[in-house]
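User: I should like to learn how to read the surroundings of a ligand. Could you guide me through an example?

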Amino acid sequence: MLTQSTPIQSILHNQDLVLDIKRLDQIHPFVSGNKFFKLKYNLQEAVRLKKTSLITFGGAYSNHIVATAYAAKQYQLQSIGIIRGDELANKPRNATLQQAQAFGMQLQFVNRTDYKQRHDPQFLAQLQQQYPNSYIIPEGGTNQLAIQGCQDILTIAEKQYYDVICVAVGTGGTIAGLIESTTAATHILGFSALKGDFLKQQIESLTSKTHWTLHSQYHFGGYAKISDELIQFIQDFEQQHQIPLEPIYTGKMMYGMFDLIAQNYFPKNSKILLIHSGGLQGKASLMP
Ligand SMILES: *Cc1c(COP(=O)(O)O)cnc(C)c1O
């Protein structure tokens, strides 16, 4: 689909810590970051099954929706995006939805009650019956093939060198792949972009390995909730390091990371790798 080029950049390098970032955001402007890895085996499977379209689910700012729309176009597949919020149907499209439409995705807006059925096996069976030639990808792209794809994020050398790998968590697919691809010699640290503790169980349902920790205190009020403090942090970080962040996932992870470092959370000489999971496509509509 695309070539992968993910350089590693240094953020901090002193006698106490090595802090580097792996720039998955540079893979592609639309299929950026983790969504590339989550989609790649799913696309192969859709082609193998001779499906002619992709169907998936997402909110109005979903990076996964744009990534899927682009990937479908690349593979000459049709795509349907089932979007949360029927009130959006008659409103001007935001940048994310505009982009998805520009890639040929057909958008279906559903109310929040109907959207809640998105994981219901009976609903999905019905949807499959209605669209027999479609390959259905869950919200956020998380399924077994996505987890398999995320096992390809780290190189062997990276797994050997770093003690800690950090990543932002939404549905848990990416962190599950990172956990599955490493041994207990590497600790995987997740930063939840959502409020609440259910994500921990979600990750436990995706992997049986235990060398990971989820930090759930850096959600800033919940999914896609943004404060002035967070915006200021992101702007200061960008100015200092010339690395763009967005406020839903990577900004919150980085904020949490700096907070943990300030608390001396990490043992001396820790070598830490942050995953820049991308998501920059929707940034303009979210930040001043
Ligand atoms: C989707 C997304 C995540 C979360 O990935 P999950 O596999 O759903 O946990 C993290 N960062 C960015 C930028 C994303 O778009």
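Analyst: The following turns consider the ligand and its surroundings in this predicted model.

User: Where does the ligand lie with respect to domain 1 and domain 2?

Analyst: One begins with the parts of the chain that supply the surrounding residues. Here domain 1 (8-29 + 147-286) and domain 2 (35-141) both contribute residues to the shell, so the ligand lies between them. The space taken by the ligand is the largest pocket. The elements that give two or more residues to the shell are α1 (34-48), β7 (164-169) and α8 (173-180).

User: Which element gives the most to the shell around the ligand?

Analyst: That element is α1, with three residues.

User: Which residues come nearest to the ligand, and how do the residues of the shell divide by character?

Analyst: Among the 15 residues around the ligand, K35, K38, T171, T174 and S277 come nearest. By character, the shell comprises three nonpolar, 10 polar and two charged residues.

User: How should I read the polar contacts?

Analyst: A polar contact is a pair of N or O atoms within 3.5 Å. A polar side-chain atom of N63 lies 2.7 Å from an oxygen atom of the ligand. From the backbone, an N or O atom of G170 lies 2.8 Å from a ligand oxygen atom, and a polar atom of G172 is 2.9 Å from a ligand oxygen atom.

User: How much of the ligand's accessible area does the protein cover?

Analyst: The protein covers 98% of the 380 Å² of accessible area that the ligand has on its own.

Note on methods
Residues are numbered from 1 along each chain as its sequence is written. This is a predicted model: local features need pLDDT of at least 70, side-chain atom pairs count only at pLDDT 80 or more; totals for chains, interfaces and linings use all residues. Side-chain values use heavy atoms; hydrogens and water are left out. A residue is near a molecule or strand if one of its heavy atoms lies within 4 Å of it. A polar contact is a pair of N or O atoms within 3.5 Å; within protein, one must be able to donate a hydrogen and the other to accept it, and residues adjacent in sequence count only if both atoms are side-chain atoms. Accessible areas come from the Shrake-Rupley method with a 1.4 Å probe; for residues, only the protein chains shown count as cover. On a 1 Å grid over the protein atoms alone, a cavity is a set of points where a 1.4 Å probe fits but cannot get out, and a pocket is an open set with protein on both sides within 12 Å along at least five of seven lines; lining residues have an atom within 4 Å of a point. A molecule sits in a cavity or pocket if more than half of its atoms lie within 2 Å of its grid points. Helices (H or I, at least four residues) and strands (E, at least two) are DSSP runs, numbered from the N terminus. Ala, Val, Leu, Ile, Met, Phe, Trp, Tyr, Cys and Pro count as nonpolar, Asp, Glu, Lys and Arg as charged, and the others, Gly among them, as polar. Domain bounds come from an automatic or database domain assignment.
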